[in-house]
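Student: I should like to learn how the terms used for a protein model are justified. May we look at one together?

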Protein chains: 4
Amino acid sequence: MIVEMRKGATTAEVDAVVERAKNLDLDVQLNLGTDKTVVAVLGSNTGQLPIDTFAVLPGVESVARIMKPYKLASREFKDTSTIIDVDGIQIGGDRVVVIAGPCAVESEEQLFQAARTVKEAGATFLRGGAFKPRTSPFSFQGLEKAGLEMLTSAKAQTGLPIVTEVIDPQDVNLVAKHADILQIGARNMQNFSLLTKIGKTNAPVVLKRAFSCTVTEWLTAADYLLAGGNSKVILCERGIRTFEDSARFSLDMCSIPIVKKFSHLPVIVDPSHAAGHFSLVPSLARAALAAGADGLLIEVHPNPKEALVDGLQSLTPSDFARLMKELEIIARALGRHI
Amino acid sequence: MIVEMRKGATTAEVDAVVERAKNLDLDVQLNLGTDKTVVAVLGSNTGQLPIDTFAVLPGVESVARIMKPYKLASREFKDTSTIIDVDGIQIGGDRVVVIAGPCAVESEEQLFQAARTVKEAGATFLRGGAFKPRTSPFSFQGLEKAGLEMLTSAKAQTGLPIVTEVIDPQDVNLVAKHADILQIGARNMQNFSLLTKIGKTNAPVVLKRAFSCTVTEWLTAADYLLAGGNSKVILCERGIRTFEDSARFSLDMCSIPIVKKFSHLPVIVDPSHAAGHFSLVPSLARAALAAGADGLLIEVHPNPKEALVDGLQSLTPSDFARLMKELEIIARALGRHI
Amino acid sequence: MIVEMRKGATTAEVDAVVERAKNLDLDVQLNLGTDKTVVAVLGSNTGQLPIDTFAVLPGVESVARIMKPYKLASREFKDTSTIIDVDGIQIGGDRVVVIAGPCAVESEEQLFQAARTVKEAGATFLRGGAFKPRTSPFSFQGLEKAGLEMLTSAKAQTGLPIVTEVIDPQDVNLVAKHADILQIGARNMQNFSLLTKIGKTNAPVVLKRAFSCTVTEWLTAADYLLAGGNSKVILCERGIRTFEDSARFSLDMCSIPIVKKFSHLPVIVDPSHAAGHFSLVPSLARAALAAGADGLLIEVHPNPKEALVDGLQSLTPSDFARLMKELEIIARALGRHI
Amino acid sequence: MIVEMRKGATTAEVDAVVERAKNLDLDVQLNLGTDKTVVAVLGSNTGQLPIDTFAVLPGVESVARIMKPYKLASREFKDTSTIIDVDGIQIGGDRVVVIAGPCAVESEEQLFQAARTVKEAGATFLRGGAFKPRTSPFSFQGLEKAGLEMLTSAKAQTGLPIVTEVIDPQDVNLVAKHADILQIGARNMQNFSLLTKIGKTNAPVVLKRAFSCTVTEWLTAADYLLAGGNSKVILCERGIRTFEDSARFSLDMCSIPIVKKFSHLPVIVDPSHAAGHFSLVPSLARAALAAGADGLLIEVHPNPKEALVDGLQSLTPSDFARLMKELEIIARALGRHI
């Protein structure tokens, strides 16, 4: 941390900064400029210290962080890229995984039809929500336990492993019984009770980025899972909230190379929630692949017109099949495969 | 809802829109323009319908919502302003309430000292967090149950009713025993499990606005509480996330008159979390009062330099006392009192 | 336009809305709901009317726009995609153009070296700024006229047509003499004096999106150029400003399919200004291509370490050559070529 | 500037950083941590150096700026608050100035009526636009020279000094003849040609903040004016663009105390453009005053229903008169006057 003292700060004020650093077992180096004194506070754990530790002291003008606040998710902590094995499928390696299916499990018929068609088109995982976080209390909230059981049946029929969301800490164990990969939704990225609970399990988990959080905060949220002992964390970019209103969210494509640069964890992309409209999904899916994503999370519904949730952003089975063909060609051009 | 058909949409496509509306018991009026057909779908519950209901149909270009998605929180639902009585203190009337105290309960000594000084300066409620949602797993997470008990003691000493945060649905009953007002933090505004649980209690609750959510989403989150039967909802603006980085968040002052225009619920302001720096708090607090806020939530710490959490944004007792004097003068100029 | 009257609006208030519409030669259809009256105002030019035309009238609750505010740039106005021919190079067709070169023209030596290396690697156009809009008055402001002459020499040497920025209306004619394509920078997207002046020329023009403007505003700015009679408008996405701070701007990849859907104009992408760091450029460039961009604008400097402007986001000649090979493979996989 | 070297950076890489600093006559202090080397580059002009100066060098991980990029606008450069005298009216002292009038000059009748009513209600200056920057080329663009002459007549009638916008560098001298204060609109805050031209005049100037720029960039734009020799710069906050869509822009109230803390220049607030709706203006105006603004810029139209531009955000004369009374009471409570 770099502590910039105010112009005219007293020697006693500078000393107080130095003393606080030393009490925390940190090294200190003083830079006495002509105008101002700057104190460099050094040590490998300074990233986990709040800025306020020094910023509250009298005579301090500003504090700049050098170390990142996340630790376990960083490449400085673990240099080699993490590859996560789920049912023999490797996530984070050469293979690009495609997780596809409906936003919400609505019925056996809907789910099984979706499962068969995404399997046929080459998807790697089946997704479907049994617990749905809905903006309004008057909207459909999901089939809950019954939905989980349908997912288990769909897996039995198609062999596709299941990805499904958990929204309440008390449901983690229940959902983990039915899911091959747990999903933490964007609105729960900083639900620390939920993160703590899932961190204590051994279940692979997709951690969606909150639409309002920086990449740094996203990796710090991953630290909650990793700190609990769960090392199977897959990040998922799904768009951030900006002023632009022609799509539902702005997919932050640059987060892909940034995550790859600073973290060892695999990262996938959800173009469906970012776009909010099926017509934009193929373009974003192709782009995410070309940007270096390790996988895609795509909403597919057998009949979007009758979907209970997010029909507008769902691909039809035939649109999905066409997209999969395009993705395979691009993946090969990039030296990867689906 | 206004459904705009694409140029060249067929009669069958228009008919499908009309039929879906009729199946939902909604009225329809067709506007056959020279270029395009526009279908107005009318009915008092269209605000609670998702846009997708019509947007997924073939031939539809766009759908515009006329009714707001929130219902119970709206002035259309309840015209008169809600006044909430907590221990004989009215929130939402002429009185401006001031909720003050430390960000986190750290010890009996710290809390009692804070309680005494804010009481002396004229605060109406004591705040203090026992459960703390922290961005990093390596930060202090609060004293939890022990903290709640200290809050109860502080109330016994000073007579100040208590405002404290609950972050996990399973702790709602525990926290409600110690708190006069529950607080839902910004990161939990769309934690629907937590909202649902608190909606079923009778406890007054401060619902902080998520730093990434619109006023509309905030009022729709309030609908979760109101739909559960809890009518004692106090809104709290605390800043939104923008590109501006000179303060921690951008306090959205305009949300005050907007909430007053569209909702019957009282609204207070937290200048401390918005600013992130004590030197900016008095200016924002005065402004919030002048904008029409029904109260303020201000962090005060007996010794900010030693605070475990958010020391930089905490006022000292003497700064707080000085601010209270300014606020009283402005309140009187506006025909209110503290 | 859809004019929603307030609950309880009087007949006289509704009549005033209808009368104003009729005075503007617009059609009107009344929707008398149980709760509210909604007036649909119809006509092919309603997109160009300000919302305020009706929103200011007493008894009006809100006004929603159905038609887009841009006209000449829309696919409704011109259905077929525009292909722009510059020196025999077609922009907007199957070919993906690559505009490459240094941010600023610094010297003959620097520019000629850059020109030769980007030509060799397969670039289609040479870029280089002679007039530089700089955030601080203390920064290098460009070589101005001398820089333009160097660009002309570089073209003579390499045959590469020139793209260069113009920032002051009074320099338009001068710059147009030296440039094959004029560039309007992001900070000038709403410099209406400049747009008006360039609209009156016949010069092909790259219109960069302001980092703070919506796609709708960008296409409305294109209308300024088109309305003046200049039909050779190429749009350029270069990132928008958001809360995310790990890259300089957030490249809005979704704007590519959205522009393609709503406008007939070609659109290219500048990954260099979006990223702000050379290490992120290849990933974003590949993604933009896969998303459907008609071209790329990439900063290349013979020696980024010595660049006077934006060295950090410039590729070295060898990095650029490597990227061009990747781009060619992806372009072919997509059925296009460079 | 603090230059953080990558883990494992070589001695040669560190030396290159040190050498570049020394070549720029800057002091250097090395911090050899256990993990990384950090180089502090010290000197009073480092704020005006681009980050890239060091960030482009091999082995550098990141560069953090300590000094602000603006200089002449800063309190470090000039400690005492600047008070600007215009026609005997002091801006930046105890008096709160109110600049009021219509968005656009539409006719003599409209302007004179507006001028008389704002004068009567106690306004200090008359505003009115003769050159209008409009988003669409199909909108009313202002009366231009004829509008300026009407402003001069209005001043003759009422004695109110004039504030009016200039949008093209070539019109600066013309507009300066008619205006007591020039206005630079939000979309031109980074129109560096315009800033440079106005910087060379001696005319008092209101510099509106771009809706997409940080306070730091705003003060750096002020440096363009100050560097040209024009010291009469008045800053004007008018809202920033965020995701919130219930008002036209989000008024960044916190920018008031921040400007006061870091700059010596006076700062005023335009609640009308921020709100976009007349019903929100009084609340924001009162708040701006309480936050510490030195003045207000308020749109008033004799008949908002017939306004050619921005009628929805204009106050009627009677609403303005009522607001002025409220403002006077608050100003007195704060120890100021209007």
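The dialogue below takes up a sheet, two interfaces and a symmetry axis.

Tutor: Please bear in mind that this is a predicted model.

Student: What makes the strands β2-β3-β1-β4 of chain C an open sheet?

Tutor: The 4 strands follow one another in that order with antiparallel pairing. At the edges stand β2 (27-32) and β4 (60-64) of chain C, each with a single partner strand, so one side of each has no neighbour in the sheet. From one strand to the next, the twist averages 20 degrees.

Student: How do you know that β1 and β4 of chain C are paired?

Tutor: Pairing requires at least two bridges between the strands. Strand β1 (residues 2-5) of chain C and β4(C) have 4 bridges, in the antiparallel sense, so the requirement of at least two is met. Within this region, C:E4 stands opposite C:S62, which belongs to β4(C).

Student: Which helix lies across these strands, and at what angle does it run to β3(C)?

Tutor: Helix α1 (residues 11-23) of chain C lies across β1, β2, β3 (37-42) and β4 of that chain, and its angle to β3(C) is about 5 degrees.

Student: What makes residues of chain A and chain C count as being in contact?

Tutor: The C-beta atoms of the two residues must lie within 7 Å. By this test, 34 residues of chain A are in contact with 34 residues of chain C. Among the elements of chain A that each supply at least two residues to this side are α7 (215-227) and α11 (317-333). The largest share, 7 residues, comes from α10(A). By class, this side of chain A has 21 nonpolar, 8 polar and 5 charged residues.

Student: How many residues form the contact between chain C and chain B, and which strands of chain C supply them?

Tutor: Here 19 residues of chain C are in contact with 19 residues of chain B. Strands β1, β2 and β3 of chain C each supply at least two residues of the side that touches chain B. That side of chain C divides into 7 nonpolar, 6 polar and 6 charged residues.

Student: Why is the relation of chain C to chain B called a two-fold axis?

Tutor: A turn of 180 degrees, with a shift of 0.0 Å along the axis, lays chain C on chain B with an RMSD of 0.0 Å. That is the relation of a two-fold axis. In chain C, the C-alpha nearest the axis belongs to C:F243, at 2.2 Å.

Student: What makes one say that the same surface serves both copies?

Tutor: Of the contact residues of chain C, 100% recur in chain B.

Conventions
Residues are numbered from 1 along each chain as its sequence is written. Chains are lettered from A and ligands numbered from 1 in the order in which they are written. This is a predicted model: local features need pLDDT of at least 70, side-chain atom pairs count only at pLDDT 80 or more; totals for chains, interfaces and linings use all residues. Ala, Val, Leu, Ile, Met, Phe, Trp, Tyr, Cys and Pro count as nonpolar, Asp, Glu, Lys and Arg as charged, and the others, Gly among them, as polar. Axes are lines fitted to C-alpha atoms, for helices over the stretch in contact, and angles run from 0 to 180 degrees between N-to-C directions. Copies are superposed by least squares on the C-alpha atoms of residues with pLDDT of at least 70 in both.
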